[in-house]
Amino acid sequence: MFQITLEDIAGESQVERDWDVAIVGGGPAGLTAALYAGRSLRKAVVFEKLSIGGQIAVTDEVDNYPGIPSIKGPELAKRIEDHAKKFGAKIVFAEVQKLRKEGEGKFVLETTDGEFRAKAVIWATGAEPRKLGVPGEKEFTGRGVSYCAVCDGPFFKGKPVAVIGGGDSAFTEALYLSNIVSKLYLIHRRDEFRAQRIYVEQLKSKPNVEFLLNKVVVEFVGDKMLKGLRLKDTKTGEESFLEVAAAFVYIGLKPVNDVIKDFVDLDERGFALVGEDTKTKTPGLFVAGDGRVKHLRQVVTAVSDGAVAAIMADEYIREVEATGR
C-alpha cells in the first residue's frame with residue numbers, strides 16, 4: 001500500500017510537527033476520525049505503526065457494511081483511506097510510544113519518528129488477538145500457528161486445519177478457510193457459541209467442517225512446523241491428539257491501551273471506560289473503536305466512534321481557543 005513519508009507531508013525542507021488533531025491508529029475508527037476532522041477544517045494526522053486498515057485489511061470478506069452487500073476487506077480499507085485523504089488526512093507510519101499533556105490543548109506524542117504536538121488526540125489503536133498462552137504457541141507462531149486466516153490460510157490449501165474459538169471472528173475466518181482446506185475442525189471450550197446464528201448455520205452446512213466442542217488446546221505439538229494439537233475435554237478431563245497442519249486462534253481481543261493507561265480509566269481487561277461521546281477523564285483525549293468498552297465491535301461501530309470523536313475533538317479545540325487557555 002502506498003505510504004506517505006514525513007517529507008511528503010511537509011516538504012523536504014521541514015517536517016510538520018504541529019497538528020490540530022493527532023489520531024493514533026489507522027483502522028476504520030482512526031481513518032473516519034481523520035475524515036471528519038478534515039471536514040471540520042482541522043489539520044489532522046494519523047499515526048500507524050504497521051499498515052492501514054486495521055483488522056478489516058486482513059479480513060477476506062465484509063458482508064455487513066450498510067449499502068455494500070459484499071466487499072473484500074482490503075478494498076473497503078482502501079476506500080476509507082482514500083476518503084480520509086480526500087479531506088486532507090495525512091498519514092505517518094510511526095509508532096506512538098509515549099503521550100504527554102503540557103496544558104489545555106497541548107499534547108506531545110513521542111514516536112519512533114520524533115516528537116509531534118497536537119491540540120487534541122484521538123486514540124484508535126483498537127485491539128490485538130489474545131493468545132492462548134499454552135506450551136508451543138509462541139514457538140510455532142508463524143510455523144503453523146496463526147491469528148490471520150486471510151494472511152496464512154493459502155499456505156495450507158488442501159490440508160487439515162483447526163480454528164479455535166466460538167465468536168464471530170472464529171466463524172467468519174473458518175468459513176473462509178473451509179473453501180481452501182481439506183478438513184476444518186472448529187474447537188470450542190463450550191457447546192454454545194457467541195457467534196451470530198447466520199455464521200453458525202453457514203459453517204454447519206459445510207461438508208468438510210467438524211465441530212469439536214467442550215475441548216481446549218493444552219499444547220501445540222510439532223518439530224520445525226506444527227504437527228497437531230493436544231486437546232483436553234472440559235467435562236471429562238480426557239486428553240486426545242488432533243493432527244493438523246495449522247491452527248488459527250480467535251479467542252478474543254486485547255486492547256492496545258498501555259500508552260494511555262495513566263490518562264484514562266480502564267476496566268479489568270484493559271478496555272477504556274468511555275461512553276458514546278468517546279471522552280476520557282483527560283480533556284482533549286478521546287478513545288474510539290475496539291479499544292473502548294462497548295457491546296458490539298464491528299466496522300460500523302468503529303466508524304461511528306471515529307466520527308463522534310472527531311466532532312468532540314473539534315468542540316474541545318474551539319472551547320480552548322475561545323477561552324485562550
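Asp-305 is buried, with a relative accessible area of 2%. The model is predicted, and this residue is a good place to enter it. Asp-305 sits in helix H8, which covers residues 299-323. Its side chain makes a polar contact with the side chain of Lys-294, at 2.8 Å. Which residues does Asp-305 contact, once its neighbours within four places in sequence are left aside? They are Thr-278, Ala-288, Gly-289, Arg-292 and Lys-294.

Stay in helix H8 for a moment. Thr-301 lies there too. Thr-301 has a relative accessible area of 17%. The cut-off for buried is under 20%, so Thr-301 counts as buried. The side chain of Thr-301 reaches the backbone oxygen of Leu-296 at 3.1 Å. Beyond its neighbours within four places in sequence, Thr-301 is in contact with Lys-294 and Leu-296. Lys-294 has already appeared, as the polar partner of Asp-305.

Thr-278, a contact of Asp-305, deserves its own look. Thr-278 is in the loop between strand E18 (253-255) and strand E19 (285-287). Its relative accessibility is 0%, so Thr-278 counts as buried. Its backbone is worth checking as well. Thr-278 is not a glycine, yet its phi is positive, at about 65 degrees.

Asn-214 is another residue of this kind. Its phi is positive, at about 55 degrees, although Asn-214 is not a glycine. Asn-214 belongs to the loop between E13 and E14. At 14% relative accessibility, Asn-214 counts as buried.

Follow the chain from that loop into E14. An open sheet of three strands runs in the order E14-E15-E16, and the pairing is antiparallel. Why does one side of E14 and of E16 lack a neighbour in the sheet? Strand E14 (215-222) and strand E16 (239-243) stand at the edges, and each has a single partner strand, so one side of each is left open in this way. Neighbouring strands of this sheet are turned by 30 degrees against each other on average, with direction ignored. E14 pairs with strand E15 (residues 226-233) over seven bridges, in the antiparallel sense. Within that pairing, Glu-219 has Arg-230 of E15 as its bridge partner.

Strand E15 also holds Leu-231. Is Leu-231 buried or exposed? It is buried, with a relative accessible area of 2%. Not counting residues up to four places away in sequence, Leu-231 touches several residues, including Ile-187, Leu-212, Val-216, Val-218 and Leu-242. Now compare a far point of the chain. Gly-53 is 178 residues from Leu-231 in sequence, and their C-alpha atoms are 35 Å apart in space.

Next comes strand E2 (residues 44-47). In a regular strand, side chains alternate between the two faces of the sheet. In E2, Ala-44 and Val-46 point one way, while Val-45 and Phe-47 point the other way. All four of these residues are buried. E2 has a parallel pairing with strand E1 (residues 18-24), over four bridges. There, Ile-23 has Val-46 in E2 as its bridge partner. How does the chain get from E1 to E2? It crosses through helix H2 (residues 28-39), and this β-α-β crossover is right-handed. E2 also pairs with strand E5 (residues 90-92), again in the parallel sense, over three bridges. In that pairing, Val-45 stands opposite Lys-90 in E5.

Now look at helix H6 (residues 168-178). Eight of its eleven residues are buried, so the helix is largely enclosed by the rest of the structure. Among the buried residues are Phe-171, Glu-173, Tyr-176 and Ser-178. What covers the buried residues of H6? The cover includes helix H5 (149-152), helix H7 (197-204), and the strands E11 (160-164), E12 (183-188), E13 (209-213) and E17 (246-249).

The last stop is a disulfide. A disulfide is a covalent bond between the sulfur atoms of two cysteines. A search of the whole structure finds one. Cys-148 and Cys-151 form it, with their sulfur atoms 2.2 Å apart. The link of Cys-148 and Cys-151 is right-handed, with 70 degrees about the S-S bond. Cys-148 has 11% relative accessibility, so it counts as buried. Cys-151 has 37% relative accessibility, so it counts as partly exposed.

Note on methods. Residues are numbered from 1 along each chain as its sequence is written. This is a predicted model: local features need pLDDT of at least 70, side-chain atom pairs count only at pLDDT 80 or more; totals for chains, interfaces and linings use all residues. Side-chain values use heavy atoms; hydrogens and water are left out. A disulfide is a pair of cysteine sulfur atoms within 2.5 Å. Buried means under 20% relative accessible area, exposed over 50%, partly exposed in between (1.4 Å probe, protein chains only). Two strands pair if DSSP finds at least two bridges between them. Helices (H or I, at least four residues) and strands (E, at least two) are DSSP runs, numbered from the N terminus. Axes are lines fitted to C-alpha atoms, for helices over the stretch in contact, and angles run from 0 to 180 degrees between N-to-C directions. A polar contact is a pair of N or O atoms within 3.5 Å; within protein, one must be able to donate a hydrogen and the other to accept it, and residues adjacent in sequence count only if both atoms are side-chain atoms. Contact means heavy atoms within 4.5 Å. A crossover is right-handed if, with the strands pointing away from the viewer, the path from the first strand over the helix to the second runs clockwise.
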